[in-house]
Amino acid sequence: MAPAEKLKKRKIAVLGSRSVGKSSLVIQFINNEFVESYYPTIEATFTKSVKYKGAEYDCEVIDTAGQDEFSILNSKHAIGIHGYVLVYSVTSKASFDMIQIVYDKIIAFCGVTDIPCVVVGSKVDLESSRQVTPRDGEKLAQEMNAAWVETSAKTNFNVTKVFELCLAEIEKRAPRTGEVPQTNRCVVM
Ligand SMILES: Nc1nc2c(ncn2[C@@H]2O[C@H](COP(=O)(O)OP(=O)(O)OP(=O)(O)O)[C@@H](O)[C@H]2O)c(=O)[nH]1
């Protein structure tokens with residue numbers, strides 16, 4: 001097998017409201033650690049090789065700054081991205097409402113009707129502060145034709161699963177490997 005066939009490059013962007021635990025999720029996935037203190041992210045990119053369903057993936061994970069309804073989608077978070085991890089906190093209804101807004105921005109920017117995506121309810125260890133039910137999370141993901149999962153970066157619950165589900169969503173739509181994701185939008189650089 002040629003090296004290019006062995007290692008499939010996949011670029012995954014992690015988006016969502018501020019402080020929902022995007023960095024914690026990514027750091028738990030990459031470094032297997034949880035940091036309690038909060039430092040707002042500007043942007044950080046991490047790489048990790050992941051073995052999934054017999055194939056080796058070279059994953060580039062982009063941890064973005066938190067979004068709100070007024071943020072403009074950064075072209076770097078749309079062009080060349082294979083899949084999306086959209087994170088809300090189960091303890092914040094406002095962050096859950098932001099998922100649809102962010103999703104709509106990606107769809108509009110890319111000029112497509114469907115994107116490989118996993119909707120993630122984070123901080124599930126804080127059950128007593130829950131504001132978003134699993135049923136609501138799952139329903140929203142279904143409407144987006146996306147996967148859905150609840151996680152805790154703190155207890156390392158379902159963290160790897162997030163990225164496996166994202167790879168599965170990517171592969172579902174792009175069975176031929178190594179393709180650069182398509183956008184229908186012209187971009188003036
Ligand atoms: N209890 C609990 N706290 C968490 C979890 N994940 C993150 N946190 C805490 O939530 C706060 C924000 O986490 P970050 O990972 O920095 O959030 P973020 O979404 O990257 O934030 P921005 O960079 O501002 O967008 C930190 O104090 C974390 O320790 C979790 O699974 N459980």
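## Starting point

A residue is called buried when its relative accessible area is under 20%, exposed when it is over 50%, and partly exposed in between (1.4 Å probe, protein chains only). By that yardstick, 45% of the 189 residues in this protein are buried.

What you're looking at is a predicted model: local features need pLDDT of at least 70, side-chain atom pairs count only at pLDDT 80 or more, and totals for chains, interfaces and linings use all residues. Numbering runs from 1 along each chain as its sequence is written, and side-chain values use heavy atoms, with hydrogens and water left out.

## The overall layout

There are five helices and six strands here, taken as DSSP runs (helices are H or I with at least four residues, strands are E with at least two) and numbered from the N terminus. Walk along the sequence and you meet them as α-β-α-β-β-β-α-β-α-β-α.

Now for contacts, meaning heavy atoms within 4.5 Å. Of the contacts with a separation of 6 or more, 72% link residues 24 or more positions apart.

## The largest pocket

Rolling a probe the size of a water molecule over the atoms shows where empty space is left. A pocket is an open set of points on a 1 Å grid over the protein atoms alone, where a 1.4 Å probe fits and protein lies on both sides within 12 Å along at least five of seven lines; lining residues have an atom within 4 Å of a point. The largest one has a volume of about 620 Å³, counted as the space filled by probe spheres set on the points, which are joined across faces, edges and corners.

Its lining takes in 31 residues, with Gly21, Ser24, Val35, Ser37 and Tyr38 nearest the centre. Helix H2 (22-31) and strands E2 (43-52) and E3 (55-64) each chip in at least two residues, and H2 gives the largest share, five residues.

## Serine 23, in helix H2

Serine 23 sits in helix H2, and it counts as buried because its relative accessibility is 18%. Its side chain makes a polar contact of 2.6 Å with that of threonine 41 (N or O atoms within 3.5 Å, one able to donate a hydrogen and the other to accept it; residues adjacent in sequence count only if both atoms are side-chain atoms). Beyond neighbours within four places in sequence, serine 23 touches Thr41 and Asp63.

## Leucine 86, in strand E4

Leucine 86 belongs to strand E4 (residues 83-89) and, at 1% relative accessibility, counts as buried. Setting aside neighbours within four places in sequence, its contacts include Leu15, Ile99, Tyr103 and Cys117. Leucine 86 and cysteine 117 are 31 residues apart in sequence, with 7.2 Å from C-alpha to C-alpha.
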